[in-house]
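Hi everyone, thanks for making time for this. I'd like to walk you through one model; let me put it on the screen.

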Amino acid sequence: MGKQMDKAAKKQLKDVPENGHGMQSIPTNQIFSCGNCILMVMTLTVAVIVTAVIVRANELQALNEEKEATIDNLATETEELKQKLYKAISESKQQLKANENSIDKLNSKINVVNTDKE
C-alpha cells in the first residue's frame, strides 16, 4: 500500500504547472507583490514622517531652552536696571534735599545781609 492522498490534495497537485524539467513546482507568494510593495512604501513613509516629527520636536525643545535662557537673562538685567533706577531716584531725592538746604541757608544769609544793610 502506498501513500494515500485525499481527493483535494490530488486536485491541487494537478493544477500546479510544470517547471520545464518534468517536475511540478509549487507556487509561492512573492515577497515583492503589489500589496507588499504598497505596504513597504507606506511603512517607509510613516517611518520618515515619524522621524521628521521627532527631529522637529528636538529642534523646538532646543529653541525653547534657548529662549528660556534669554528670558532669564533679560529678567536678571531688568532687575538690575530697576535697582539702579531706584538708587538713582534715591540719590536725586537726597541731592534735592541738600540743594533745598543750601538754598535755605543762602536765603537766610541774604536776609541777614539785607537786614544789616538797612
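Let's begin with Phe32, which counts as exposed at 62% relative accessibility. Where is Phe32 found? This residue is in the loop between α1, which covers 7-15, and α2, which covers 34-117. Before I go on, please keep in mind that this is a predicted model.

Phe32 also has company on the surface: together with Ile31 and Met40, Phe32 forms a nonpolar patch. The accessible area of these three residues together is about 350 Å².

Now let's step back to the whole chain. The protein has two helices and zero strands. How many of the 118 residues count as buried, as a percentage? The answer is 1%. As for the accessible surface of the protein, the total is about 11,400 Å², and carbon and sulfur atoms account for 60% of that.

Next, the cysteines. As a quick reminder, a disulfide is a covalent bond between the sulfur atoms of two cysteines. How many disulfides does the structure hold? The count is zero. Take Cys34: this residue is in no disulfide, and the nearest cysteine sulfur, that of Cys37, is 6.9 Å away. A disulfide requires the two sulfur atoms to be within 2.5 Å, so at 6.9 Å Cys34 and Cys37 are not counted as one. Looking from the other side, Cys37 is in no disulfide either, with the sulfur of Cys34 as its nearest cysteine sulfur. Are these two buried or exposed? Cys34 is exposed, at a relative accessible area of 59%, while Cys37 counts as partly exposed at 30%.

Last topic: charges. The count of salt bridges comes to one. Which residues form a salt bridge? Arg56 pairs with Glu59, and their closest N and O atoms are 3.2 Å apart. The cut-off for such a pair is 4 Å, so this one is counted. Both residues belong to helix α2, and because they are three residues apart, about one helical turn separates them. Arg56 is partly exposed, with 46% relative accessibility, and Glu59 is partly exposed too, at 44%.

That's my tour, and I'm happy to take your questions.

Conventions. Residues numbered from 1 in each chain as written. Predicted model: local features only at pLDDT ≥ 70, side-chain atom pairs only at ≥ 80, totals over all residues. Heavy atoms only, no water. Buried < 20%, exposed > 50% of the residue type's maximum accessible area, 1.4 Å probe, protein only. Patch = residues over 30% accessible without salt bridge, like charges linked within 9 Å, V, L, I, M, F, W, Y side chains within 5 Å. Areas by Shrake-Rupley, 256 points an atom, 1.4 Å probe, with all protein chains shown as cover. Salt bridge = Lys/Arg side-chain N within 4 Å of Asp/Glu carboxyl O. Helix = DSSP H or I, 4+ residues; strand = E, 2+ residues; numbered from the N terminus.
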